[in-house]
Amino acid sequence: GFIAHAALWNIALSSTDVANLYAHTLPSSVQAGNLVFYADLQNGIAKDSISGTSLTTGGVTSSSDGPF
């Protein structure tokens with residue numbers, strides 16, 4: 001499978017939050033006040049939109065065909 005969005009929260013997500021993510025809600029819209037890391041990994045962009053930290057990817061294939 002492919003990972004298009006990587007996100008970390010500092011809380012446990014509720015079943016409703018998880019269902020929203022499964023239904024293609026962007027991670028940045030789920031418990032936004034508790035989101036501590038979010039990177040949209042599509043199109044070779046790997047930058048945390050919270051802190052601005054750039055990520056390094058290696059041995060991966062980028063695709064513009066995201067899930068949303």
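Here are three short exercises, with worked solutions, on a predicted model of a protein chain.

**Exercise 1. Overall layout**

Work out which order of helix and strands the protein chain follows, and how its contacts spread along the sequence.

*Solution.* Start by listing the elements: the protein chain has two strands and one helix. Next, walk along the sequence, where the pattern reads β-α-β. Finally, take the contacts with a separation of 6 or more: 40% of these join residues 24 or more positions apart.

**Exercise 2. His-5**

Find the element that holds His-5, decide whether this residue is buried or exposed, and name its side-chain polar partner.

*Solution.* First, place the residue: His-5 belongs to strand β1, which covers residues 5-9. Then look at the relative accessible area, which is 16% for His-5. The cut-off for buried is under 20%, so His-5 counts as buried. Last, follow the side chain: His-5 forms a polar contact of 2.7 Å with the side chain of Tyr-38.

**Exercise 3. Asp-17**

Do the same for Asp-17, then ask which residues it touches beyond four places away in sequence.

*Solution.* Asp-17 sits in helix α1, residues 15-22. Its relative accessible area is 9%, and because buried means under 20%, Asp-17 is buried too. Leaving out residues up to four places away in sequence, Asp-17 touches Val-30 and Gln-31. With Gln-31 there is also a side-chain to side-chain polar contact, at 3.3 Å.

To set both residues in context, buried residues make up 19% of the 68 residues in the protein chain.

How values were computed. Residues numbered from 1 in each chain as written. Predicted model: local features only at pLDDT ≥ 70, side-chain atom pairs only at ≥ 80, totals over all residues. Heavy atoms only, no water. Helix = DSSP H or I, 4+ residues; strand = E, 2+ residues; numbered from the N terminus. Buried < 20%, exposed > 50% of the residue type's maximum accessible area, 1.4 Å probe, protein only. Contact = heavy atoms within 4.5 Å. Polar contact = N/O pair within 3.5 Å; in protein donor to acceptor, adjacent residues only side chain to side chain.
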